[in-house]
Amino acid sequence: YLKISKLALAFAIIHSKPPGKSCKEYAEHLAKTVSEQDFGWKSKVQVLEAEVLRLRQELLLNKICPRFCLENDASAEILLDQECINPMSYSSQLEDSGCDVSNDYAFDSLGIASDFHQPEHNVNTSKRWLERVPPLNLCCTGKEESLTAPVQFLQHLLEIRKLSEGGILQADFTQLENDSFTICNSVSHLLDGLTVFYNSPKFPVSNVLTEAVCVLISLITDTKLSNHVLKKCFKKLEEFKKNLIQIILRNSSVNRFQALHDVSNTLVLLGRNNILRNSLISLLLSEVRQFAEQLLQAHQMQAMYDITQYENIFPLCMILEQLLQNETEESNVSSSDYDGEEKIEFLKNLDQIILHLSDEFPLFSLYLWRVSVLLNSAQIQ
């Protein structure tokens, strides 16, 4: 049937082709016309799918908290005044050298972003509470527009959670179990939007992207909502972490250091969650170990090595060191208690690697040694 159909199509094209055009040219013209029509339909489908998701988001919020309009609630007004905070400053300009950059939320002495020390209070200003304000109305570029809908939905979810905890609203978060599609799609859109930005960042960073990072971190650190999110979106979050690590390793632009800093900061913040931290440590150990082995092989064979990747491996070492140093949010147990399979692989031949690389690559060897000390600290204690 397929062969007969192809033959009939070929005869139809031959008979209907205009004079002056070959059959090949006319077939290509028809194919282009059909593909443009398909693109138009795909665009319409995407718009309709986005509208369906928005309606599902509104429906889910209404199921969780039917009465979430707080305009006439005096007690809510008091809480809103108390919770008034300044939005996080994220004004950063990329310098020409790629080395001397400014960042208003730079790492503190431990490399932890100080603006995120209290994740519950960093997502919203008092003007963004539920239905008191219209949807985000910010000037967005094309890749930022896809972030506004999931950011606003997740913002509202976090705000309802906060107000219900204060006794102002009655909310039923068991509804999240009944509608996994909406929460999964919203988080997926958020992660995809952030990945697109980190792949081709523009400075200064817009408010939409700043809020997207804030919402994501608050979502995974919230004691009640994080369980729902991790249960349904764990694979997507794992994929997101892998993408960020590869973005760091592959970036070869001259002025890349501020962009790498932003990606590294997001990974460190993701590591605040116990479940995500252990898998992230495993991923980082694997990448650093593989690079160390490749560098040792190139050094022994007196072969060339990728200097850009050598420079990019240091942010991964810094992230790894911070995650192993940090304490968990829920207890005083150190992250250095990490005992995954990748730890054994990392430590297997590490002494020999450090011994052979220490003369030629002293800084990298020092980082390897520091990571090994942190991995062994629990055993030493």
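A salt bridge, as the term is used in these legends, is a side-chain nitrogen of Lys or Arg within 4 Å of a carboxyl oxygen of Asp or Glu. The model is predicted, so local features need pLDDT of at least 70 and side-chain atom pairs count only at pLDDT 80 or more, while totals for chains, interfaces and linings use all residues. Residues are numbered from 1 along each chain as its sequence is written, and side-chain values use heavy atoms, with hydrogens and water left out.

**View 1. A salt bridge joins Asp192 and Lys236.**
The side chains of these two residues, Asp192 and Lys236, meet at 2.8 Å, taken from N to O. Asp192 belongs to helix H6 (residues 180-199) and Lys236 to helix H8, so the pair ties together parts that lie 44 residues apart in sequence; helices here (H or I, at least four residues) and strands (E, at least two) are DSSP runs, numbered from the N terminus. Asp192 has a relative accessible area of 38%, and is therefore partly exposed, where buried means under 20% relative accessible area, exposed means over 50%, and partly exposed means in between (1.4 Å probe, protein chains only).

**View 2. Glu238 and Lys241 pair within helix H8.**
Glu238 lies in helix H8, which covers residues 225-250, and the side chains of Lys241 and Glu238 meet in a salt bridge of 2.5 Å, N to O. The two side chains are also joined by a polar contact of 2.5 Å, a term for a pair of N or O atoms within 3.5 Å; within protein, one atom must be able to donate a hydrogen and the other to accept it, and residues adjacent in sequence count only if both atoms are side-chain atoms. Because Lys241 and Glu238 are 3 residues apart in helix H8, about one helical turn separates them. An α-helix has 3.6 residues a turn, so residues three or four places apart point the same way. Both Lys241 and Glu238 are buried, and the relative accessible area of Glu238 is 13%. If its neighbours within four places in sequence are left aside, Glu238 is in contact with Leu276 and Ser279, contact meaning heavy atoms within 4.5 Å.

**View 3. A salt bridge links Arg289 and Glu342.**
The side chains of Arg289 and Glu342 meet at 2.8 Å, N to O. This pair connects distant parts of the chain, since Arg289 is in helix H10 (residues 274-300) and Glu342 is in helix H12 (residues 341-348), 53 residues apart. Both Arg289 and Glu342 are buried. Elsewhere, Glu51, Arg54 and Glu58 are joined into one network by salt bridges that share partners, and the structure as a whole holds 12 salt bridges.

**View 4. Helix H13 has buried residues on one side.**
In helix H13 (residues 350-357), the buried residues are Leu350, Ile353, Ile354 and Leu357. They cover an arc of only 95° around the axis, which puts them on the same side of H13; the arc is that of the directions from the helix axis to the C-beta atoms. On the other side of H13, Asp351 and Leu355 are exposed.

**View 5. Nonpolar residues form a surface patch that includes Val373.**
Leu363, Leu366, Trp369 and Val373 make a nonpolar surface patch of about 370 Å². Patches are made of residues with over 30% relative accessible area and no salt bridge, with like charges joined within 9 Å and nonpolar side chains (Val, Leu, Ile, Met, Phe, Trp, Tyr) within 5 Å, and accessible areas come from the Shrake-Rupley method with a 1.4 Å probe, for which only the protein chains shown count as cover for residues. Val373 is placed in helix H14 (residues 362-380), and its 34% relative accessibility makes Val373 count as partly exposed.

**View 6. Ser5 in helix H1 and Gln302 in a loop are shown as two local details.**
Ser5 is found in helix H1 (residues 2-16), where a polar atom of its side chain lies 2.9 Å from the backbone oxygen of Tyr1. With a relative accessible area of 31%, Ser5 is partly exposed. Gln302 lies in the loop between H10 and helix H11 (307-325), and its phi is near 55°, a positive value in a residue other than glycine. Gln302 is exposed, with a relative accessible area of 67%.
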